[in-house]
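Biologist: I am new to this one. Could you show it to me and then walk me through a few parts?

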Amino acid sequence: MSNDIATLRSELPGDAAAIHHLTEQAFAAVAHSDHNEHHIVAALRTAQVLTLSMVAVDQGQLLGHVAISPVTLSSGDAGWYGLGPVSVHPDVQRRGIGSALISCVLSKLQGKGAKGCVVLGDPAYYRRFGFAQSTQLRLPGVPAEYFLVRAFGGEMPVAEVQYHPAFSATA
């Protein structure tokens, strides 16, 4: 399976259960996870704050999912979003599906006029998408090296970032 075989599309109403199951599977063996990512996606959907929810599908099987939701900046600056969770089925990880989904949603965000995007994750992975550490945007309580920012142009605000309360979901 390569990412050029999978079709990328927006989430459809009937995809919620498959996304839930996929996300749970994708993070099941991840040591640094609290294993609530599937609950976070469901809570974002329930709160109607999934700005973008894209899936990778091949022959009717859901292989990957990525969520984009708004974040709040203490400065009041609008137009900033958070990337994640990003989920790829364990059987097809490391084959470009996650990368294709991330590239797709970042392009769509820029097309919507977003100011930028933040992500909490592996710096070595997310740097390939233009994310970098920032001294101007901070996520309290998180090691700075794992909180990365990608501005889409304009002036970088100085602020603390807060994810939507759905990121606290545990069920």
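Modeller: Happily; here are some short questions and answers on helices and strands.

Modeller: This is a predicted model, where local features need pLDDT of at least 70, side-chain atom pairs count only at pLDDT 80 or more, and totals for chains, interfaces and linings use all residues. Residues are numbered from 1 along each chain as its sequence is written, and side-chain values use heavy atoms, leaving out hydrogens and water.

Biologist: What span should helix H1 have at 1.5 Å a residue?

Modeller: Helices (H or I, at least four residues) and strands (E, at least two) are DSSP runs, numbered from the N terminus. The expected span is 1.5 Å times one less than the number of residues. H1, residues 16–27, has 12 residues and its end C-alpha atoms are 17 Å apart, which agrees with the expected 16 Å.

Biologist: Which residues of H1 are buried?

Modeller: Buried means under 20% relative accessible area, with exposed over 50% and partly exposed in between (1.4 Å probe, protein chains only). In H1 these residues are Ile19, Leu22, Thr23, Ala26 and Phe27.

Biologist: Which residues form the covered face of strand S9?

Modeller: In a regular strand the side chains alternate between the two faces of the sheet. In S9, residues 159–162, the uncovered face holds Glu160 and Gln162, while the covered face holds Ala159 and Val161.

Biologist: Which residue in S9 is the bridge partner of Leu73?

Modeller: Two strands pair if DSSP finds at least two bridges between them. Strand S4, residues 72–73, pairs with S9 in the antiparallel sense over two bridges. The partner of Leu73 there is Val161.
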